Amino acid sequence: MNAEEIVSKILYRDALMLVIDKPAGLPVHPGPKGGETLFQHLDALRFGLPRRPEAAHRLDKDTSGCLVLGRHPKALARLNELFRKNEVDKVYWAVVEGGPAADEGEIDLPLAPKSPDRGWWMKVDPKGQPSLTKWKVLGRLEVETGSADIPTPCPSPQGGGGSRRLTLLELRPVTGRTHQLRVHCAAMNFPILGDPIYGTAPRFGGPGLHLHARSVTVPLYPKKPPIHVEAPVPEHMRERVRACGVTPDGAAASGRQEGV
């Protein structure tokens with residue numbers, strides 16, 4: 001990714017905040033294995049300011065979509081406070097294997113690190129931190145076992161013996177634990193499609209994690225309406241989102257917002 005490409009990912013920009021459409025597969029911060037990260041490209045987003053912007057929250061390497069950046073230290077502190085108090089409304093889209101029978105609900109399961117050596121790998125643990133996710137079904141489809149085709153949407157939550165279900169969920173994390181959405185979905189027996197850690201996807205060569213930070217709503221300015229930003233559905237999710245009966249394009253999926 002070069003400077004022009006990272007600038008093209010901007011969804012929203014004002015004096016305090018940037019929101020970018022982070023590509024799936026790009027880590028935000030450097031890790032022990034090295035490789036390209038978003039951190040290396042942040043200087044291209046200064047736009048005349050003396051310091052580069054910094055991420056105000058976490059987004060997994062394989063998760064795409066809205067990532068909020070503070071443009072200077074005071075702005076970053078303000079954004080960090082909003083995220084810490086859960087005042088930022090975050091909406092994710094996920095294509096899951098199987099799916100719930102109901103149309104909406106909550107997952108209230110505490111989470112804790114699975115191992116002291118791998119603190120980012122989480123598990124459901126009664127002694128862990130409280131973790132709450134609200135979910136709603138946006139669409140369903142049925143895939144015949146062994147078929148490479150994606151059929152028309154299937155409205156029924158229950159399937160026959162020769163088929164498997166995929167469901168498009170809207171996920172709203174009330175808390176912000178590491179891997180919360182991935183662990184919660186897996187614990188409810190509908191893991192996110194393409195998840196090689198908590199789901200059924202192979203470590204390499206899978207369909208890609210079907211988890212997308214669809215939108216953020218940030219009450220940044222006390223005397224102004226909250227800033228709402230949406231990110232378009234990424235290419236690797238579009239086919240299955242469409243098959244679930246939801247159009248990934250259109251005005252609501254254009255991505256760019258006022259203020260850019």
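Strand 1 and strand 2 form a hairpin, with 3 residues between them. The two strands run antiparallel, and 3 bridges join strand 1, residues 10-13, to strand 2. One position to look at is I10, which stands opposite I20 in strand 2. This is a predicted model.

Strand 2 also pairs with strand 4. Here 6 bridges join strand 2 to strand 4, residues 64-70, and these strands too run antiparallel. D21 of strand 2 stands opposite C66 in strand 4.

Now look at how strand 2 sits in the chain. It covers residues 17-22, and 6 of its 6 residues are buried, so strand 2 is largely enclosed by the rest of the structure. Its side chains split into two sets. M17, V19 and D21 point one way. L18, I20 and K22 point the other way. Both sets are buried.

Step back to the whole protein chain. Its secondary structure comes to 4 helices and 12 strands. Of its 260 residues, 45% are buried. Among contacts with a separation of 6 or more, 64% are between residues 24 or more positions apart. The accessible surface comes to about 13,000 Å², and carbon and sulfur atoms hold 52% of that surface.

How confident is the predictor, and where does confidence drop? The mean pLDDT of the protein chain is 88, and 87% of the residues reach 70 or more. Over residues 149-161, pLDDT stays under 50; the model has 32 contacts beyond four places in sequence for this stretch. Over residues 250-260, pLDDT also stays under 50, and the model has 25 such contacts there.

Technical notes. Residues numbered from 1 in each chain as written. Predicted model: local features only at pLDDT ≥ 70, side-chain atom pairs only at ≥ 80, totals over all residues. Heavy atoms only, no water. pLDDT = per-residue confidence, 0-100. Contact = heavy atoms within 4.5 Å. Buried < 20%, exposed > 50% of the residue type's maximum accessible area, 1.4 Å probe, protein only. Areas by Shrake-Rupley, 256 points an atom, 1.4 Å probe, with all protein chains shown as cover. Pairing = 2+ DSSP bridges.
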